[in-house]
Amino acid sequence: MADTPPAGSGDGSLRSIRSQSEMEKASDLAFDKLVATFRSKVVVKDRTYHLKTYKSCFTGEDAVRALRTLDDCNTVDDALAVGNGLMAHGVFEHVLREHPLKNGPLFYRFLNDERGATARGADGARVSWSDYLTDSTSDAVAGLTGSFPGPDLSSVPSSSVHVATSVAPLDEHNVALLNNVHPASWVDPTPSEGFTYHLLVLGAGAGGLVTAAGAAGVGAKVALVEAHMLGGDCLNVGCVPSKALIRAARAASELKNTSRLADMGISIKGEVEVDFGAVMTRLRRLRAKISDNDSAARFSAQLGCDVYLGYGKFTGPNTLVVNGQTLRFAKAVVATGGYPQLLPIPGMKELAAKWSGGDATGPVIATNESIWNLTKLPRRLLVIGTGVIGMELAQAMQRLGSSVTMFGRSGKVLPKEDQDLAAIVKQQMITDGVQFRLSVTKYVSVEVTGAKDDLGFQEMRLITVEAGSGGKDVTTEFLCDAILVAAGRQPNVTGFDLGLAGVNVDVRKGLCVNDQLQTSNPNIFGVGDVTGKYQFTHSADAQARMVIRNALFFGKSKFSNLLIPWATFTSPEIAHVGLYAADIKAAGKEYVTFEKSFEHNDRAILEGETDGVVRILVEKGSDRILGATIVGPDAGDMISEITVAMQAGMGLGALAGVIHPYPTFAESIARAGDLYNKTKLSNTVRLIFRQLLKVHR
């Protein structure tokens, strides 16, 4: 029952939020008292080991002895458990950050928030975002995000106002999120004069966090600089919230599919109702829970990074300024990510400004960054863009109760995928009720009509021109309550004075990097979406690990050697790895296709999920796998088996010999291998087999 709300969850009111905050602060103060008692009982002094002096430290034996004087800490095991808990909270660490607490002569040192920490208030407790909420909820935060408390922007530190206006509603879950990923009042480290970091990381999304944690983990002195929210798109506005929404939508769809349930002998009395507000509350709760892993406190106190919250700008090839401090670095990584782009539709920019700026009374023109602020379901939703983000969210919102229409120019959905396989996804979405308008030649305008529904949504009118029959253009008007723009992303390369660091950029494609992810400044590397290469969290993770080797350990790892799979989490899912047929043809190579439909997979038949296929492309004349696509349930998980095979140089024929549990969807991969092996049965081989069989008669 890990998905069940914790006991005592608040109702979103300011009193509830502050009550919870007060309990947390009381717990913090009690913890601080425990720490103060412990500190007073250990002997801190300079100590020497192998001719090296370690300043202001104590031994593990001292720590265990002191901890055993505390209440309910009677044994050595008790002391070690408490001590390692204190280490996990950043109270102290091994002097080389190589060991947990041990009852022995190892040296440890206290941490004093020198790597950055949330500021403390007059009462000594850590400042919380709940301290900046106001009872007098303004219209700007009482509209489509519900009647939740809003931020008192006059009291929020100026460096955090942009965060306060981008995340809503500020219920207990989003307060917990922000306390983790962008504490409202953060005290930056103050490095000594002339200090040079081994590595400076600009941007704390997936790529930046992995780079910083990995480098600090091998002993590097790391500065991590982030202006917005640690965790980046993936945690805050991408993978995490979208999958929470998709899971709820899938449950709603399964319960609404009465004919399928009836076939299983199951009936539901009454209608299936979706409480969209509760769906979004669950989303915010789970996102806040996951955010602990990406928190500023964890990266500073536990992982050993100096964390700076502010806008960083380069001032030279080896210097960056943030919040008035100049940081020096030997190597740097730019991991500033990307951002969604609005289309140049007359009226869109002006109308979108309110919602994107935190005004919940404005018309809802959202991107993947702001749609998560909704607490009410728009009855009519228009989605512009038929790529991964648009398709996932369109299907989810339709299944949750919106009437969704999707718009595109190319006539395609998921344009990177094989279109016969993308059509399987499209057909399921049509079955769900999504409408497609894929022949738009022009978006004429968007405007408000002046009408407003009972939920508070302002009605809008989108006018398009579409290619009609006979080559005639057709102008059509669409009324809606909300618009989601999912028409592409731009790399975030402006505003950092990269030119002063000698880093070349392309505003459309991102950082100009070589195959080792090195920029035109050989000491500065790029990671993640800002490089324009494979905009996926797992790709950024792989790039980060590669850059640590290249930047710090004279590595020569190449991005072109990485094998990166990806998945679109629609229903059914579609996942791919390697080359597409078009790529192989463009390279002038020949290939053979082997595929196995789920129509012949026993598990798929039993589940009633037969719309799908495993398609594997191999080099002609061998079983070397060049690429693969899977459409069907859990395709995103299944593609990993083929990825491992490709990475290990394992051919399709060998996959046929891998024993799979029965019945599973993944058996279809082995059966595709069987199809390949059958091609090896030439007439000569068949003749030999027949002769051998005669011997056994």
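Two strands count as paired if DSSP finds at least two bridges between them, and strands (E, at least two residues), like helices (H or I, at least four), are DSSP runs numbered from the N terminus. This is a predicted model, in which local features need pLDDT of at least 70, side-chain atom pairs count only at pLDDT 80 or more, and totals for chains, interfaces and linings use all residues. Residues are numbered from 1 along each chain as its sequence is written, and side-chain values use heavy atoms, with hydrogens and water left out.

**Exercise 1. Work out the strand order of the sheet that holds β21, and place E466 and T464 in the picture.**

Step 1. Start with the order: the sheet is open, has 3 strands, and runs β20-β21-β22 with antiparallel pairing.

Step 2. Look at the edges. β20 (440-452) and β22 (473-480) each have a single partner strand, so one side of each is left without a neighbour in the sheet. Direction ignored, neighbouring strands here are turned by 20° against each other on average; the axes behind such angles are lines fitted to C-alpha atoms, for helices over the stretch in contact, and angles run from 0 to 180 degrees between N-to-C directions.

Step 3. Now zoom in on one pair. Strand β21 (residues 458-467) is joined to β22 by 8 bridges, and the two run antiparallel. E466 stands opposite V474 in β22.

Step 4. Finish with T464, which is in strand β21. T464 has a relative accessible area of 0%, so it is buried (buried means under 20% relative accessible area, exposed over 50%, partly exposed in between, with a 1.4 Å probe and protein chains only). Neighbours within four places in sequence aside, T464 is in contact (heavy atoms within 4.5 Å) with residues including F407, V440, Y443, V474 and F478.

**Exercise 2. Check the length of helix α14 and find which way its buried residues face.**

Step 1. The expected span of a helix is 1.5 Å times one less than its number of residues. For the 14 residues of α14 (residues 419-432) that gives 20 Å, and the end C-alpha atoms are 19 Å apart, which agrees.

Step 2. List the buried residues of α14: L421, A422, V425, M429 and D432. Seen down the axis of α14, these buried residues fall within an arc of 105°, so they line one face of the helix. The arc is that of the directions from the helix axis to the C-beta atoms.

Step 3. A reminder helps here: an α-helix has 3.6 residues a turn, so residues three or four places apart point the same way.

Step 4. See what comes next in the chain: just after α14, G433 takes a positive phi of about 120°.

**Exercise 3. Describe the two sides of helix α12.**

Step 1. In α12 (residues 348-356), the buried residues are M348, L351, A352 and W355. Viewed down the axis of α12, they fall within an arc of 95°, so they line one face of the helix.

Step 2. Turn the helix around: the face away from the buried side carries the exposed residues K349 and E350.

Step 3. Ask what covers the buried residues of α12. The cover includes β16 (364-366), β17 (380-384), β20 and β23 (482-485).

Step 4. After α12 comes G358, with a positive phi near 95°.

**Exercise 4. Find the residues with the most contacts inside the largest nonpolar core, and follow one of them outward.**

Step 1. A nonpolar core is a set of buried Ala, Val, Leu, Ile, Met, Phe, Trp, Tyr and Cys residues joined through side-chain atoms within 4.5 Å. The largest one has 74 residues, and V222, L224 and F314 have the most contacts inside it. Helix α15 (residues 537-552) gives the largest share of this core, 6 residues.

Step 2. Follow V222: not counting residues up to four places away in sequence, V222 touches Y197, L199, V201, A212, A215, A216, C305 and D306.

Step 3. Move on to L199, which lies in strand β9 (residues 196-202). With a relative accessible area of 1%, L199 is buried. Beyond its neighbours within four places in sequence, the contacts of L199 include T211, V222, V333 and L552.
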